[in-house]
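Here is a guided walk through a protein chain. Keep the model open beside you and follow along one region at a time.

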Amino acid sequence: MSEILVYADSLRSPEMRHEVPIAVPDPFLYAERDGKGSVVASSFELGRINEVAPHLEVLPLEEFGLDELYAQGLSRDEIELEVILRAARRFGLERASVPSTFPLEVADHLRANGIEVKADRELFIGRRRVKNEAELAGIRRAQRAAEGAMEAARELLRAAEPQNGGLVVDGEHGVFADEFIVSHGAQTAIGHDMGSGPIAPNEPICLDLFPRDRESGCYADMTRTFVVGEPSDELREYHKLCREALDRAVAAVKPGIPGKDLNRLACDIFEEHGFPTLLSKQPGEVLKDGFYHSLGHGVGLEVHEEPALGRGPGELIAGDVIAVEPGLYRNGYGGCRLEDLVRVTEDGGETLTDYPYDLEP
């Protein structure tokens with residue numbers, strides 16, 4: 001008998017957003033028993049939830065004695081716990097699986113009243129692996145937005161002119177970024193350096209964009225590397241090898257292939273050309289040069305989710321959406337990273353990213 005319980009808002013909880021595909025800012029309850037899903041929520045949200053999830057049973061808080069509990073003089077927090085308990089009992093839950101982020105206070109209250117709850121990370125990861133139609137549409141919208149933003153940034157770089165050691169566009173120096181990466185020079189060798197300061201001619205510029213679709217809550221993720229001016233021979237080699245690794249890995253995408261096998265393909269290319277990787281380094285060694293991260297990750301309601309394309313276990317399944325992002329770096333100089341989104345289908349990989357790879361903007 002399958003029993004599931006989620007108590008969260010759907011802005012921050014990917015588990016809840018997968019079950020109820022709309023943004024609800026306050027925590028509410030999702031319960032499932034033998035495949036039948038039910039929601040208990042504020043009257044503020046009932047109509048919206050019914051509209052996007054007509055297959056769910058949607059019940060108001062009043063159904064579980066909300067007014068009676070207020071009349072007893074209970075606090076809002078006490079009422080919250082009691083409503084959850086009453087709902088769990090109404091739905092016949094005895095031993096429920098919950099996400100790893102399930103509130104401890106709620107779990108304690110349920111256990112104290114005879115309902116067993118157990119965190120099952122793998123169960124909820126598995127429920128989200130195959131993207132539904134709304135999520136896939138959202139990922140595609142987010143990816144088109146990422147490409148539009150990449151093109152806007154590229155146009156700025158095309159218009160930039162060298163001045164006093166930096167690049168100037170309409171009197172503005174460099175690029176400011178928040179919630180995405182626009183790093184340059186030596187910063188590009190530091191994976192998630194968000195970027196700061198004026199951009200100079202002839203240095204690598206890394207744009208890593210990961211917008212979120214407002215309607216579905218799903219992310220995209222893409223990266224390109226540019227140079228305004230003349231790329232060095234070193235950077236040209238990085239770029240060539242990253243493109244080769246990307247192409248080879250994407251061509252190998254199919255259901256059933258272990259993520260670590262795709263990672264191995266990229267590492268083989270880099271190691272053959274003398275660059276260290278996480279597979280060639282000594283145990284305990286911390287890499288700052290070469291290919292010092294894994295090949296990629298799943299993308300959906302979280303920007304980093306399963307499956308992992310690294311050293312761990314796990315296979316791709318049809319319905320996964322993955323970011324494939326080979327990179328090469330030298331600490332103190334900079335680096336290159338290229339990243340595409342790929343959907344795993346029964347026939348192989350479908351590249352969702354539609355954007356050129358040129359170093360020149």
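## A word on burial, and one strand that shows it

A residue is called buried when its relative accessible area is under 20%. With that in mind, have a look at strand β17, residues 334–337, in this predicted model. Which of its faces are covered? Both are: Gly-334 and Cys-336 point to one side, Gly-335 and Arg-337 to the other, and all of these residues are buried.

The partner of β17 here is strand β16 (residues 327–330), and the two run antiparallel, joined by four bridges. One of the pairs to look for is Tyr-329 with its bridge partner Gly-335 in β17. Three residues lie between the strands of this hairpin, and Gly-332 takes a positive phi near 90° there.

## The chain as a whole

Zooming out, the protein chain holds nine helices and 19 strands. Its C-alpha atoms fill a box of roughly 75 × 45 × 40 Å along the principal axes. Of the 361 residues, 51% are buried.

How much of the contact network joins residues at least 24 apart in sequence? Among contacts between residues at least 6 apart, the share is 61%.

## The five-stranded sheet

Now turn to an open sheet of five strands, whose order is β14-β13-β15-β18-β19 and whose pairing is antiparallel. At its edges stand β14 (305–309) and β19 (348–351), each pairing on one side only. From one strand to its neighbour the turn averages 30°, with direction ignored.

Within this sheet, strand β18 (residues 340–345) and β19 run antiparallel and share four bridges. Val-344 is the residue to find here, standing opposite Gly-349 in β19. A helix packs on this part of the sheet: α8 lies across β15 (321–324), β18 and β19, and runs at about 155° to β15.

## Glu-306 on an edge strand

Edge strand β14 carries Glu-306. Is Glu-306 buried, exposed or partly exposed? Because its relative accessible area is 33%, it falls between the cut-offs of 20% and 50% and counts as partly exposed.

Glu-306 also links up with a part of the chain far off in sequence: Arg-128 is 178 residues away along the chain, yet the two C-alpha atoms are 8.9 Å apart in space. Leaving aside residues up to four places away in sequence, Glu-306 touches Ile-125, Arg-129 and Gly-298.

## Helices α8 and α9

Helix α8 (residues 233–251), which you met on the five-stranded sheet, also has a helix partner. Its axis and that of helix α9 (residues 259–272) come within 9 Å and cross at roughly 150°. Angles over 145 degrees count as roughly antiparallel, so that is how α8 and α9 are arranged. The crossing is right-handed.

Which residues meet in this contact? From α8 come Leu-241, Cys-242, Glu-244, Ala-245, Arg-248 and Ala-249, and from α9 come Leu-262, Leu-265, Ala-266, Ile-269 and Phe-270. By class they are nine nonpolar and two charged residues, with no polar ones.

## Helices α4 and α5

A second helix pair makes a useful contrast. Helix α4 (residues 76–90) and helix α5 (residues 104–112) have axes that come within 10 Å and cross at roughly 55°. That angle lies between the ranges for roughly parallel and roughly perpendicular, so the two helices are oblique to each other. α4 passes α5 in a right-handed crossing.

On the α4 side, the contact is made by Leu-81, Glu-82, Ile-84, Leu-85 and Ala-88; on the α5 side, by Glu-105, Val-106, His-109 and Leu-110. This contact has six nonpolar, one polar and two charged residues.

## The three-stranded sheet

The last stop is an open sheet of three strands, ordered β10-β11-β12 with antiparallel pairing. β10 (181–184) and β12 (222–227) each have a single partner strand, so one side of each is left without a neighbour in the sheet. The twist averages 15° from one strand to the next.

β10 pairs with strand β11 (residues 204–209) over four bridges in the antiparallel sense, and Val-182 has Leu-207 in β11 as its bridge partner. Helix α7 (residues 133–159) lies across β11 and β12, running at about 10° to β12.

Notes:
Residues numbered from 1 in each chain as written. Predicted model: local features only at pLDDT ≥ 70, side-chain atom pairs only at ≥ 80, totals over all residues. Heavy atoms only, no water. Axes fitted to C-alpha atoms, helices over the stretch in contact; angles between N-to-C directions. Parallel < 35°, antiparallel > 145°, perpendicular 65-115°, else oblique. Left-handed = near helix turned anticlockwise from the far one by under 90°. Contact = heavy atoms within 4.5 Å. Nonpolar A, V, L, I, M, F, W, Y, C, P; charged D, E, K, R; others polar. Pairing = 2+ DSSP bridges. Buried < 20%, exposed > 50% of the residue type's maximum accessible area, 1.4 Å probe, protein only.
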